[in-house]
Amino acid sequence: MKSQDKRLLATTIPSLKTVSPMDEITPKRFNAAGPCDPTRDYALPILPRLDAMGMIDGGYYFVLRAPPHSGKTAYLNALRDKIISDGNYYALLCSLKDLDGISDVETATAGVVSQINDSLRISQVKKLVKLSRPNDLPPQYHFSFRIRSILNYICLNLDKDLVIFFDDADRLAPEPLISFLGQIRQGHNIKNSATSQFPRSLALVGARDVRDYLSQVRPRPESKLLASPFDFIKGALSLRNFTKDEMRDLFAQGAAEAGPVFSPSAIERAWVWSEGQPFLSNALASEIAQSSPAGDYSKAVTGKRVDRAAQATLGRREPRFDWLRKRIQEPKTRRIMEAILVGDKDFPPGVSSLDIQYALDLGLLREDISGAYRPANLFYQEIIVWALTFRIQNAIEDDPPDMGGRSWAREKSLDMSALLLCFQAFWRERREILVADCLGDDLGLIGADQVARFRSLMDHNANRILSAKSQNRLCALANAALAHLALIAFARAVLQGDAFRIQTEFALGRQSAALRVSYKGRLYPLEITVKGEQAREIGPRRLLDFMDNHVASEGWLIVFDEDPRKTWDQKLTWETIARDGRTTRVVGC
């Protein structure tokens, strides 16, 4: 082709001239790894999820709380960019994440100053970048007021007010946090004076409200040396989850670009699994999009497809899930989760309101309209069960019980009764071993005959030895939790494979937890309870109600008897009750 013809073709069809393989638009994706970028990820406008401009315009210092994996980083980036774009203030985002675990005050303070300088250096605002030059920084003041000095220095050299966000402020160790807050408080109290300037607005950002965090990790009287380390804080804001409509809109973005189309039933199941938690919503959609054969989205996504995607996501044990597991296994958090699992209406002795707030801040729990606490969503319910049974299930898999050559799975059914007979033998043989080897004193789960080992357990708030009554109650809860977790872990250990679906339902104050096993399209409902007057009434009633609602003709009620005066032969019982075409098997353990 002649050069003149090429120029004519490029003029009439510009796209032929400008498009190259490097210029092709990469399809967007549902992002379940790191902050969302709207240029390459399906994403919703994030600023409507929390209005912080009122605090900023008012010149307030405040706490911004966001549970893990809720979009905190994306929100802070968007808010910083909006502030800069509006032109009324300068804005800095400073991460303190790398200072986690540094307990030395001087070292941590140097780290904070370094992070502030790094934030200046990478800022999009040239005037801020200029201030990051080492020769422009103030002299090496004593570490006890270096943070205050550098912020004062920056603000004195700006022609507009500064807004600064300290992300992961709750990662600071107690002593460095005390020093950090003291310097911020001093700067706040003299800002806008004739000789001093300080940020107009400042946010302490983290998964936890640092006021609760500091009260919990530093309850000692000497923390009161500061008159009030938080009297400069106006209040706390929280970054909310997606609403159901927002989650639907997120999924619709994929459908609009030839991605998966979610049916109404799929939307409902996705909501049950995630309750709008941003990471979980994206993880579900990402799993469905990636698991579609050759990108074939011709069939609408069903509720059952969402359930399979959720199970596949859980099965991969994402690093974020493992992080949550470790938080759940912390002694105080574990006891809270166990109390909810077994249906104890009151939390165990030694657990404070701050411990409960910690579980709420992690996003693991939510408070319903009745004031009761429950898992925040089905995903986190499964992760809580995984965390609670982790050590027991590993012990079972390392030393499998004697199955006597039996297989529970038949061609079209599951021999649940044979499985539970095997569990009875397992429980008789292994209970004390599980107490000693799998749970241990560090988790506070020991038998009723070992009350003496609680004598050194200190009440968290009152700093006193627990009363005998509290010790007995803690032992009773420990025994109930161990019994529930052993059966759940046993079922998960021996019923492995894609053919099985096992779901745990927390008792939630009803004294009766449940295990729902599905195999080959059939449901096998189990109720788990500890022997007592209420258990005899509530367990069977709840089991029969479930059987009615799900058209199940057979169900199993497992009753653990923790009376130390009874022999194993007295505890291990079996009773079959047939009535109105339904069979209930009461299994004593």
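Which element gives the most to the lining of the second largest pocket? In this predicted model, that element is α13, with 5 residues in the lining. The pocket itself has a volume of about 760 Å³, and among the 22 residues that line it, D307, R501, Q503, S518 and L523 are the closest to its centre. Helix α13, which spans residues 303–315, is joined in the lining by α11 and by the strands β8 (500–505), β9 (513–519) and β10 (522–530), each of these elements supplying at least two residues. When the lining residues are sorted by class, 10 are charged, 6 are polar and 6 are nonpolar.

Helix α11, one of the elements that supply the pocket lining, also takes part in a contact with another helix, α10. The axes of α10, covering residues 244–256, and α11, covering residues 264–274, come within 11 Å of each other and cross at roughly 120°. Because angles of 65 to 115 degrees count as roughly perpendicular and only those over 145 as roughly antiparallel, this crossing makes α10 oblique to α11. The crossing of the two helices is, in addition, right-handed.

On the side of α10, the residues that take part in the contact are K244, M247, R248 and F251, and these meet I267, E268, A270, W271 and S274 on the side of α11. Taken by class, the residues of this contact divide into 5 nonpolar, 3 charged and 1 polar.

Technical notes:
Residues are numbered from 1 along each chain as its sequence is written. This is a predicted model: local features need pLDDT of at least 70, side-chain atom pairs count only at pLDDT 80 or more; totals for chains, interfaces and linings use all residues. Side-chain values use heavy atoms; hydrogens and water are left out. Axes are lines fitted to C-alpha atoms, for helices over the stretch in contact, and angles run from 0 to 180 degrees between N-to-C directions. Helices (H or I, at least four residues) and strands (E, at least two) are DSSP runs, numbered from the N terminus. Angles under 35 degrees count as roughly parallel, over 145 as roughly antiparallel, 65 to 115 as roughly perpendicular and the rest as oblique. A crossing is left-handed if the near helix is turned anticlockwise from the far one by less than a right angle, and right-handed if clockwise. Contact means heavy atoms within 4.5 Å. Ala, Val, Leu, Ile, Met, Phe, Trp, Tyr, Cys and Pro count as nonpolar, Asp, Glu, Lys and Arg as charged, and the others, Gly among them, as polar. On a 1 Å grid over the protein atoms alone, a cavity is a set of points where a 1.4 Å probe fits but cannot get out, and a pocket is an open set with protein on both sides within 12 Å along at least five of seven lines; lining residues have an atom within 4 Å of a point. Grid points are joined across faces, edges and corners, and a volume is the space filled by probe spheres set on the points.
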